[in-house]
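Hi everyone, thanks for making time for this. I'd like to walk you through a structure, so please have it open in front of you.

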Amino acid sequence: MADLVLENLTIAYGNVTAVRDVSLTIPKGEFLTLLGPSGCGKSTTLFAIAGLNHATSGRIALGERVFFDDRTGRSEPPERRNIGLVFQSYALWPHKTVADNLAFPLELRKVGRAERDRAIAEALDLVEMGAYARRYPFELSGGQQQRVALARALVYRPSLLLLDEPLSNLDAKLRERARVWLRELQERLNVTTIYVTHDQAEALAVSDRIAVMHNGTIRQLGTPTEIYEQPSDAFVADFIGSSNFLEGTVVERGASGSRVRLANGATIATSAAPGGPGEVLVAIRPERITLADGPGENTIPVTLGTGSYLGSVYQYEVSTPGLNFRIQTDRRVPQGDVFARIPPEATTLFLKSEAPVRNEEAAPVV
Ligand SMILES: Nc1ncnc2c1ncn2[C@@H]1O[C@H](COP(=O)(O)OP(=O)(O)OP(=O)(O)O)[C@@H](O)[C@H]1O
């Protein structure tokens, strides 16, 4: 089984280092997503694997086949890497029919006519576009064009499939359906796939593993559950889903849990604190905080403020002197004084010095 291995990959454009010292092993058949904010180096990494840009240093190999190695000076040209690529823009040739779009990469590979026709029919069937072979791209919807682009990337049976935001031109509903369909197809073909997106919901839904990138480095590599439930640092906790970061000071440390005095003076039980200074951020997801009728274990009095309806849940701003955070509930709650319970097992502690830059999302006020 051929694993794709990136070793100490660094890619610079002049004095901008877009990717720094990235190492990653992707087993055969895995669906791995590179996820991160704009400019974090996702596409640069993908293009280096495809051979469309030149890595500065490091090594890229698929099993025994070395695509790039700066120590030996080896750099295989893109057309020899046998990689299927799909971009956000689809990049179909407008003057060629669907079948001719698929024929082109096979002609480049000098595949004979009979074999070519068979491969085209098979690839179009895979993406459920068999009936559209004679149409031109402008006669297809966005979703259909995206399927044709995928068929063109699969028609020569690539060893790797690289997808750069392939669904971002589709509307939200179609996009959701397309990702389920894409994942099913990828599993059926068992083709190793690297998917680039900045959409965390998409990444959580389709991936075997996610590599969360920031400033050209991988901040965390793990399954969607690991990334969501056990973020390795405050950047990941903030970027994936939504997190509150409550400032506090560790007053008691234990192997399995700590006690933290929050900025409002209340002391709560939390998960274990990191080593280092006692100033911490207690990260907790808004949906894990519950409302209680009165005081109790790990419960703090708060004032419930503005509410937003997010479609499936209600989100409220809550405050207590020195602390502001958000909670989510499945029912509408009147504004006023309430008690918020913070389950210790739902907290993750980070050093205060790691505080992320916040991105506030807008939602309709209820
Ligand atoms: N051809 C180039 N010349 C110079 N700098 C570049 C070039 N391509 C990318 N960069 C820079 O490299 C960094 C990483 O860019 P990259 O396109 O890999 O980011 P990305 O994570 O894919 O972002 P997006 O989600 O916006 O596509 C950015 O700072 C970008 O400005």
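Let me start with a small puzzle: in the hairpin of S17 and S18, which residue takes a positive phi? Have a look while I remind you that this is a predicted model. The residue is Gly311, with a phi near 105 degrees, in a hairpin that has four residues between its strands.

Let's stay in that neighbourhood for a moment. The two strands of the hairpin, S17 and S18 (residues 314-320), are antiparallel and share five bridges. On the other pairing, S17 (residues 299-309) is joined to S20 (residues 336-341) by six bridges, again antiparallel. A nice residue to click on is Thr303: its bridge partner in S18 is Ser319, and in S20 it stands opposite Asp337. Leu304 also has a partner in S20, namely Gly336. S20 in turn takes S16 (residues 290-292), through three bridges and in the antiparallel sense. There, Leu291 stands opposite Ala340.

Now zoom out. How is the protein divided? There is domain 1, covering 4-234, and domain 2, covering 243-352. Their C-alpha centres are 40 Å apart.

Next, please move to the beginning of the chain, where we find an open sheet of five strands. Its order is S2-S1-S4-S5-S6, and the pairing is antiparallel. S2 and S6 (74-75) are the edge strands, each pairing on one side only. S1 (residues 4-13) and S2 run antiparallel, with seven bridges between them. If you want one pair to find on screen, take Leu9 in S1, whose bridge partner in S2 is Val22.

There is also an open sheet of six strands, and here the pairing is mixed: the order reads S7-S8-S9-S3-S10-S11. S7 (83-87) and S11 (217-222) sit at the edges, so to speak, each pairing on one side only. From one strand to the next, the twist averages 15 degrees. Within this sheet, S3 (residues 31-35) and S9 (residues 192-197) pair in the parallel sense over five bridges. Phe31 has Thr193 as its bridge partner in S9.

On to a pair of helices. As a reminder, two packed helices are described by the angle between their axes and the distance between the axes. What do we get for H2 (residues 98-108) and H3 (residues 113-126)? Their axes come within 10 Å and cross at roughly 125 degrees, which makes H2 oblique to H3. The crossing is right-handed.

Finally, the ligand, which I saved for last. Which residues surround it? Reading along the chain, they are Tyr13, Val16, Ala18, Gly36, Ser38, Gly39, Cys40, Gly41, Lys42, Ser43, Thr44 and His198. Two elements give two or more residues to this shell, strand S2 (16-26) and helix H1 (42-50). H1 supplies the largest share, three residues. By class, the shell has seven polar residues, four nonpolar and one charged.

And there is a link back to what we saw earlier: S2, an edge strand of the five-stranded sheet, is one of the elements that give two or more residues to the shell around the ligand.

That's my tour. Thanks for listening, and I'm happy to rotate the view for anyone who wants another look.

Technical notes: Residues numbered from 1 in each chain as written. Predicted model: local features only at pLDDT ≥ 70, side-chain atom pairs only at ≥ 80, totals over all residues. Near = placed C-beta within 6 Å. Nonpolar A, V, L, I, M, F, W, Y, C, P; charged D, E, K, R; others polar. Domains from an automatic or database assignment. Pairing = 2+ DSSP bridges. Axes fitted to C-alpha atoms, helices over the stretch in contact; angles between N-to-C directions. Parallel < 35°, antiparallel > 145°, perpendicular 65-115°, else oblique. Left-handed = near helix turned anticlockwise from the far one by under 90°.
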